[in-house]
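Me: I would like to go through this model term by term, asking on what grounds each label is given. Could you begin with the classes used for side chains?

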Amino acid sequence: MSLNRDLIERDLRVLWHPCSQMKDYEWLPLIPIRRGDGVWLEDFEGRRYLDAVSSWWVNLFGHGNPRIGDAIRGQLEELEHVILAGFTHEPVVRLSEMLVKATPPGLDRCFFADNGSSAVEVALKMSFHYWRNVGRNDKTRFVTLSNSYHGETLGALAVGDVALYKETYGPLLMEPVTVPSPDCFHRAPGESWESHSRKTFEAMESCLAEHAETVCAVIVEPLVQCAGNMRMYDPVYLELLKDACQRHDIHLIADEIAVGFGRTGTLFACEQAGISPDFMCLSKGLTGGFLPLSVVVTSEAIYQAFYDDYASLKAFLHSHSYTGNPLGCAAAIATLGIFRDEDVLGRNRALSQHMAGSIADLVDHPHVGEIRQHGMILAIEMVKDKARRVPFAWQERRGLAVYRHGLSNGVLLRPLGNVVYFMPPYVIREDEIDLMASVARAGIELATSS
Ligand SMILES: *Cc1c(COP(=O)(O)O)cnc(C)c1O
């Protein structure tokens, strides 16, 4: 009896999967997963897949991590959930204390939600509302970078710029001011990341100067535009941006939902620029990939602009049912505990280097336009014409060929368009990196051979 097939049949009768053309599942079978252990996922027939994408970038310390699992089990004995308006609990207080300590200086207040998009909505609303509360009613707009991604709810979608997800819903969305991304893929041959990032900042500077009166905040993904095909830039851009935001009285929202918790080499990507944003959005790795939870960390000054008698109507009356869920908080406390007790970032430096070496030879491949990396994120861009950096047409679905090759060879790679990337859990071993790299290499050969 094929347990895989049974589950697939039941699934396709009742489910509608995320980010999927369901018709694709007629020829591209779903993979039912029975259990996970470390970097490995296992289906019902004993086939194993190395999770090179950390299950959509959420997993940090492996599937079934015992320390995080035990923390959730322990919390389950005490309290599964309680309303967070008018009530509080130990895990949410403890986690907030840890986050205030771990985030850059000046981020001292935690507002919880339950997924990344909701955290982005919270930051946008809070920034807008702050300016109203201090009498700046003319500030109503947001500045965003081209090729950015901030989630799928309407507000978050509006400040993103990935056409594939956004275009259809255009008529429903508020209009941000969009500034060209510092994306270093487009730098001149031989130019450094720093020089290119500095140059692209000129457009941001003039935009902020022009719109300072009407702009609430700039929202960015620090260092890596993950959903935007893992495009990367230099920390100097964030340094310049923080300075300009301060000069023009504009908030800076750092969406570290994907890059936070060690992904780029530092605990938070903003640290590489030595900056503190006005809002930092965190989710994904926050619970080590175990439970949905998100948080916006902001400054005491912003908090104080809402603090008044009830009748002033300045309060932030935003909420989600599962805000600050105790089980999620317990998972997050355990996750931050691992960072505190183990040299995770030091270990990741070695793993990042090994990852770079494992695939370095591919840089000479005629259809590899670039290999780029920030810490534990490495991306390989497949191109049609290497010299002129002409992309393959999206209709050819070259990435999908790599995905299928990966699955037949025990590695879950999930390319974004023509970009194959590694973003594995931090518990990956060097021999597992070598496996991931050799399967990716063969997949890229195959996908670009015709
Ligand atoms: C994933 C992601 C989001 C959205 O988070 P969800 O939990 O999927 O809603 C927002 N911003 C960035 C940078 C992300 O990578």
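Reply: Ala, Val, Leu, Ile, Met, Phe, Trp, Tyr, Cys and Pro count as nonpolar, Asp, Glu, Lys and Arg as charged, and the others, Gly among them, as polar. By that division, the shell around the ligand holds 4 nonpolar, 5 polar and 3 charged residues. This is a predicted model, in which local features need pLDDT of at least 70 and side-chain atom pairs count only at pLDDT 80 or more, while totals for chains, interfaces and linings use all residues. Residues are numbered from 1 along each chain as its sequence is written, and side-chain values use heavy atoms, with hydrogens and water left out.

Me: What makes a residue one of those around the ligand?

Reply: A residue is near a molecule if one of its heavy atoms lies within 4 Å of it. The residues around the ligand include Trp57, Tyr149, His150, Glu221 and Asp255.

Me: Why is the pair between Lys284 and the ligand called a polar contact?

Reply: A polar contact is a pair of N or O atoms within 3.5 Å. An N or O atom in the side chain of Lys284 is 2.6 Å from an oxygen atom of the ligand, so the pair qualifies. For Ser117, the distance from a side-chain N or O atom to a ligand oxygen is 2.6 Å, and for a polar side-chain atom of Asn115 it is 3.4 Å. The protein covers 83% of the 380 Å² of accessible area that the ligand has on its own, areas being taken by the Shrake-Rupley method with a 1.4 Å probe.

Me: How do you know that strand 1 and strand 2 pair?

Reply: Strands are DSSP runs (E, at least two residues), numbered from the N terminus, and two of them pair if DSSP finds at least two bridges between them. Strand 1 and strand 2 (residues 40-43) have 4 bridges in the antiparallel sense, so they pair. In this pairing Asp37 stands opposite Trp40.

Me: Which strands are at the edges of the sheet?

Reply: The sheet is open, with 4 strands in the order 1-2-3-15 and mixed pairing. Its edge strands are strand 1 (33-37) and strand 15 (411-412), each of which pairs on one side only. Strand 3 (residues 48-51) runs parallel to strand 15 and is joined to it by 2 bridges.

Key. Polar contact = N/O pair within 3.5 Å; in protein donor to acceptor, adjacent residues only side chain to side chain.
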